[in-house]
Amino acid sequence: MNATNQDLLLMMGGVAAILLIVLLYLLTIIVHCVWTNRMNKNARALGARDMEHTPAWAVGYYFIPSPVERPVGELARV
């Protein structure tokens, strides 16, 4: 192998690492959203009465630009 092939392999390894990090980040977002939805549903099933938002909105607030207290407040109510 000459120097250009080694450089190309190093660059491909860096791109693969970046893609892996992005994939893990997206997977973490999905798992957190599913967990938040199930947590809200379970709280309702166990008798929580003062829940302001549905399970879908508890997750949706992460994707709508709003004050920081909305998602944190939903988790704190449980």
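Two residues are in contact when heavy atoms of theirs lie within 4.5 Å. Among the contacts in this chain that join residues at least 6 apart in sequence, 37% link residues at least 24 apart. The model in which these contacts are counted is a predicted one, with a mean pLDDT of 81 for the chain and a value of 70 or more for 77% of its residues.

The secondary structure consists of three helices and zero strands, so that a reader who follows the sequence from its start meets the pattern α-α-α. Confidence varies among these elements: helix α1, which covers residues 3-45, has the highest mean pLDDT, at 87, whereas helix α3, covering residues 69-77, has the lowest, at 61.

One place at which to look at contacts in detail is N37, a residue of helix α1. If its neighbours within four places in sequence are left aside, N37 is in contact with P55, A56 and V59. The C-alpha atom of N37 is also separated by 9.6 Å from that of G60, a residue 23 places away along the chain.

The surface can be considered next. Of the 78 residues in the chain, 19% are buried, and the chain exposes about 6,200 Å², with carbon and sulfur atoms supplying 70% of that area. A nonpolar patch of about 490 Å² on this surface is made by L20, L23, L24, L27 and V31.

Within that patch, how is L20 classified by its accessibility? L20, which lies in helix α1, has a relative accessibility of 49%, and because a residue is called exposed over 50% and buried under 20%, L20 counts as partly exposed.

Technical notes
Residues are numbered from 1 along each chain as its sequence is written. This is a predicted model: local features need pLDDT of at least 70, side-chain atom pairs count only at pLDDT 80 or more; totals for chains, interfaces and linings use all residues. Side-chain values use heavy atoms; hydrogens and water are left out. Helices (H or I, at least four residues) and strands (E, at least two) are DSSP runs, numbered from the N terminus. Buried means under 20% relative accessible area, exposed over 50%, partly exposed in between (1.4 Å probe, protein chains only). Accessible areas come from the Shrake-Rupley method with a 1.4 Å probe; for residues, only the protein chains shown count as cover. pLDDT is the predictor's confidence in each residue, from 0 to 100. Patches are made of residues with over 30% relative accessible area and no salt bridge: like charges are joined within 9 Å, nonpolar side chains (Val, Leu, Ile, Met, Phe, Trp, Tyr) within 5 Å. A salt bridge is a side-chain nitrogen of Lys or Arg within 4 Å of a carboxyl oxygen of Asp or Glu.
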